[in-house]
Amino acid sequence: MTLERAMALLRESQGALNQATLIEDRRRLDRHQSELTGALSLCAAAAETGYLEASLNLELMEETIASAREQLDPSWGSEPDQVLEQLQAAVAAMTAAHEDALIEIEDNRERLGTFNITIFGRTLAGKSTLMEILTRGDGSSIGRGAQRTTRDIRTYEWSEMRVSDIPGVAAYDGAEDERLAHRAAERADLIVYLITDDGPQPAEAEHLAVLRNTGVAVLGICNVKRGVGDERQRRLFLRTQERVFEPGRLADIIAEFQRMTDRHGAGPPVVFRSAHLEARRLADRPECEDIRTELMLASRFGGVEDHILNEVSVNGAFHRTGSFLRSSGQATLNIWEQMLVASHAACQMRDRLRDRVRETESWRQQVGRQATQRIGSVLNETIGTLRREINAFAEDHCEDREISEKWKRKVEQARIESRVQEAQKELHQACADRAQSLAAEVEQELASLAMRFEVPGIAAGPIRDHRRIWNWSIQGVSAGLGLTALASYAGLALPFVANPITLPLVLGAAVLVGLGLLVGRLFGNRAKRRQEAIGRIVPKLQQHLNEIQSQVRRDFDRWVERDLTGGIIAELIRQLEEAAHNADCSAEFYGQQSEALNRQLMNLNQRLLSVVLAHAGAAERDTDGMIVARVPGRMLAIRSARGFDPDLADTVGQILQEDVVCLPREWTDREIIGWAVGNESEIIIDGGCRVARARFDAEDPTARVRVRIAQQITNLHIGNEH
């Protein structure tokens, strides 16, 4: 056989193999299409069921919101508008979440018979390339190395399904693109998430975590990036494809990406399939016709196509139902968690303010004692000195007709009034300073508490806004507290004791003048009469000082009671008490809403489980009496007195793409929380505040998910005391 003949036979064999491969590929797609046609025909009916379920849930949520509006009582606090404003903001947030969910399910209903797939990934991950493959495009939308090829949402038809190519994420200055991408993904029935084998980044994992939190089903594709731009590169790729797709290497890349994703919340791993998307796209191009079959096989794209089509065929109907339930359920879950946190925040603020009331009351008593000691010291230094000089004064002036004027000048020289006013100023300034310091301390404490209710944000999309929750609790209360107004106390005109010695001094002068005249007329027996005069003058001066001291102390005590302990401090206590009362009212309001929403959420979770069981062919499994908690995309917890079949739990988990755990129905709240945090011995439950304090590793993604599950079951906010 000649070489030419051998080469001809080889070409014929290759052609036959190529033809057989194409035929088999067409048969594979035909089988999928047959299954897909049946599955898609069920989607419209499933979507209608989901729409009815979601509408019912939103009606219940609307009733809860209406009830919340009715509960807002304008009589709360002396400045109710400030507190009501914050409570109304919380109700407005509930209303907005309800309206958004309503718009979303109505928009979804317009696409009732359509199955919606969204392709998601970072810029240049290969989204547009995948779209070209699915739609057999001409390559016009493929990027050439520039950033952000797709700047808007493009929708195409593929196998009677709608596929959306959305803007890439994790690009520089691409915040608006990310917002559009996440919004589109949240409305999908299925997300196809692309990464590449050249080093997925933490930002990509954060985005995937956000998508998982929505509960949308996610399938993964790892796009292998090897140059196939020219014939030499394509031939090299075909020769080295086994190395390119080396299972261990790709498995390590995907596993590391899963670990990065799990840092934001544990859950079952997303299943990834690997393919060389550009090689598969080129297989349909005229310039690669001679190696078309080799490129198709080497691209491994058949596995990716099977990956997507199998999921739609098997679970498409459920995903359509779930897209409606997800819209209403996510709104209920988010607002319930916000109300639970807000209730805890308000309770903590109330308790801290009550502590401050007790501390300030104790301080008021201390100030009263200090004021008594201070006026005693002033009187001892002034009137006490005068008392010690009375005898000498009487001896020197017992025969002096101007004794009254001289005594008056002596009393004035003692500076009783000015010394009292100095004491007033010092005490007043000390109270004003302490009041301002206390106000600053309270504000700092509230700010410190606020930090405990914040979580690190993920830049990739909407998360629970804990800062807003804290503002619901703090703004109206701190406004009622009037902390900034306390600074004005230092500049107030003080009602000092008005001329505290004038009246006793005038009365005493008349007496003393009479004494002086008497002494003058009785000079005949001078020595004896002198002693008698001194004996009469001294008691009068003592009495005069007693009157001055009594009046000064009486007026000073009145000032302390009226303007110091009964003024600055009493006003501060009143404001703290009112703030604590307002916080208590807020906590009660948020607690009532969280209880109503929790009941609604648990009923919705129970209904979702019924839908999943029906889809799994276990419709006979009755969910009545079950307690079902769920963190979308992460975990489903079932408490049933009759137990739950482990194999059925695995099936439910595969459909939902969530871990499924079964917890004993008889467990107490403490045992549920102990399961969540891994330690039951250090749990403190405060039923009045609807809060439990426990120790757990906040960096452990499994613990974080379990805590959210436990919060749903117990309707307690679990604070980390670690």
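**The S7-S8-S9 sheet and its two helices**

I will start with the sheet: three strands make an open sheet, ordered S7-S8-S9, with mixed pairing. Strand S7, residues 627-631, and strand S9, residues 659-664, stand at the edges with a single partner strand each, so one side of each has no neighbour in the sheet. On average, and ignoring direction, neighbouring strands here are turned by 20° against each other. Please keep in mind that this is a predicted model.

Now the pairing of S8 with S9. Strand S8 covers residues 635-640, runs parallel to S9 and is joined to S9 by six bridges. To give one residue pair, Ala-637 has Val-661 in S9 as its bridge partner.

Next, the helices on this sheet. H18 packs on the sheet and touches S7, S8 and S9. The direction of H18 makes about 140° with that of S9. H17 lies across S7 and S8, and runs at about 90° to S7.

How do the two helices sit against each other? H17, residues 526-615, and H18, residues 646-656, pack at an angle of about 100°, and their axes are 10 Å apart. Angles of 65 to 115 degrees count as roughly perpendicular, and H17 and H18 are therefore roughly perpendicular to each other.

Which residues make that contact? From H17 there are Leu-608, Leu-609, Val-612, Leu-613 and His-615. On the H18 side they meet Leu-648, Val-652, Ile-655 and Leu-656. By type, the residues of this contact are eight nonpolar, one polar and no charged. His-615 in H17 is the one listed as polar.

Between S8 and H18 there is a loop, and Gly-643 is found in it. Is Gly-643 buried, exposed or partly exposed? Its relative accessibility is 30%, so Gly-643 counts as partly exposed. The C-alpha atom of Gly-643 is 9.4 Å from that of Met-626, and these two residues are 17 apart along the chain.

Last, the chain as a whole. It has 20 helices and twelve strands. The chain has 722 residues, of which 52% count as buried. Among contacts with a separation of 6 or more, 79% come from residues 24 or more positions apart. The exposed area of the chain is about 32300 Å², and carbon and sulfur atoms supply 50% of that.

To go back to the main picture: H18 touches S7, S8 and S9, H17 lies across S7 and S8, and the two helices are roughly perpendicular to each other.

Definitions and conventions: Residues are numbered from 1 along each chain as its sequence is written. This is a predicted model: local features need pLDDT of at least 70, side-chain atom pairs count only at pLDDT 80 or more; totals for chains, interfaces and linings use all residues. Side-chain values use heavy atoms; hydrogens and water are left out. Axes are lines fitted to C-alpha atoms, for helices over the stretch in contact, and angles run from 0 to 180 degrees between N-to-C directions. Helices (H or I, at least four residues) and strands (E, at least two) are DSSP runs, numbered from the N terminus. Angles under 35 degrees count as roughly parallel, over 145 as roughly antiparallel, 65 to 115 as roughly perpendicular and the rest as oblique. Contact means heavy atoms within 4.5 Å. Two strands pair if DSSP finds at least two bridges between them. Buried means under 20% relative accessible area, exposed over 50%, partly exposed in between (1.4 Å probe, protein chains only). Accessible areas come from the Shrake-Rupley method with a 1.4 Å probe; for residues, only the protein chains shown count as cover.
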